[in-house]
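Work through these exercises with the structure in view. Try each task before reading its solution.

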Amino acid sequence: MNGNIFLRTGVVILALGMCLGIYMGAKQDFTLAPVHAHMNLAGGVLMCIAGLFYNNRPALWGKLTTIHYGLQLVGIILLAAGIAGAHLNQKWFPPVVGAGSVLTLLAMLVFIFMVFKGTGRNTTAA
Ligand code: HEM
């Protein structure tokens, strides 16, 4: 897998996060501000950074980029839902936010591995 799907997903998540920001502003209810922040940063911005990096490093394309994408997408969905549940006092939030956190961290560990692999000695950008 190359970086295009990361970029496409990242900009869509950013647009959704912005919609939540506009909704919060319109309602003057900022309860979900942490959800907005995590969607935009841990979701949108991080996805776009990964997409730009992978599109600059075709040698890295493969199974691990697909695993990274899956972990990050499912992770941010559960993390955002779990943080929303926590701030809306929902009983179901702990396992959801827990799973989302762990998946998001696992995605980051894969990305760390890929960045080190793609920036080692004798590696160059496309
Ligand atoms: C249409 C675009 C956006 C709108 C309308 C918007 C709106 C808002 C609003 C209303 C708040 C809550 C402010 C408060 O609690 O007083 C907020 C907080 C925040 N926003 Fe945005 N935002 C937008 C885009 C973004 C983007 C692109 C990012 C990051 C990439 C971002 C990151 C944050 C962060 C980190 C916070 C602080 C959250 C917190 O205090 O828990 N926002 N935004």
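A residue is buried if 20 or more other C-beta atoms lie within 10 Å of its own, exposed if 12 or fewer, and partly exposed in between. Keep these cut-offs at hand for the loop exercises. The model is predicted.

**Exercise 1. State the fold in outline.**

Solution. Start with the elements: the protein chain has 4 helices and 0 strands. Read from the N terminus, their order is α-α-α-α. Next, take the extent: the C-alpha trace spans about 50 × 30 × 20 Å along its principal axes. Last, look at burial: 32% of the 126 residues are buried.

**Exercise 2. Check the length of α3 against its residue count.**

Solution. α3 has 25 residues. The expected span is 1.5 Å times one less than the number of residues. That gives 36 Å for α3, and its end C-alpha atoms are 36 Å apart, so the two values agree.

**Exercise 3. Describe the shell around the ligand.**

Solution. Count first: 14 residues surround the ligand. The closest are Met-18, Gly-21, Phe-30, Ala-37 and Asn-40. Then assign elements: α1 (4-27) and α2 (33-55) each supply at least two residues of the shell. The largest share, 7 residues, comes from α2. Finally, sort by class: the shell has 10 nonpolar, 4 polar and no charged residues.

**Exercise 4. Find the centre of the largest nonpolar core, then follow one member outward.**

Solution. The core has 22 residues, and Ala-50, Ile-76, Leu-79 and Ala-80 touch the most other members. The elements giving two or more residues to this core are α1, α2, α3 (63-87) and α4 (93-118). α3 gives the largest share, 8 residues. Now follow Leu-79. Leaving aside neighbours within four places in sequence, Leu-79 is in contact with His-38, Ala-42, Val-97, Gly-100, Ser-101 and Thr-104.

**Exercise 5. Is Gln-28 buried or exposed?**

Solution. Locate the residue: Gln-28 lies in the loop between α1 and α2. Count its neighbours: there are 6 C-beta neighbours inside 10 Å, so Gln-28 counts as exposed. Check the backbone too: phi of Gln-28 is near 55°, a positive value in a residue other than glycine. Most residues other than glycine have a negative phi.

**Exercise 6. Classify Asn-89 by the same steps.**

Solution. Asn-89 lies in the loop between α3 and α4. Asn-89 has 8 C-beta neighbours inside 10 Å, and therefore counts as exposed. Just after α3, Asn-89 takes a positive phi of about 55°.

Methods
Residues are numbered from 1 along each chain as its sequence is written. This is a predicted model: local features need pLDDT of at least 70, side-chain atom pairs count only at pLDDT 80 or more; totals for chains, interfaces and linings use all residues. A residue is near a molecule or strand if its C-beta atom, placed from the backbone, lies within 6 Å of it. Ala, Val, Leu, Ile, Met, Phe, Trp, Tyr, Cys and Pro count as nonpolar, Asp, Glu, Lys and Arg as charged, and the others, Gly among them, as polar. A nonpolar core is a set of buried Ala, Val, Leu, Ile, Met, Phe, Trp, Tyr and Cys residues joined through C-beta atoms within 7 Å. Two residues are in contact if their C-beta atoms, placed from the backbone, lie within 7 Å.
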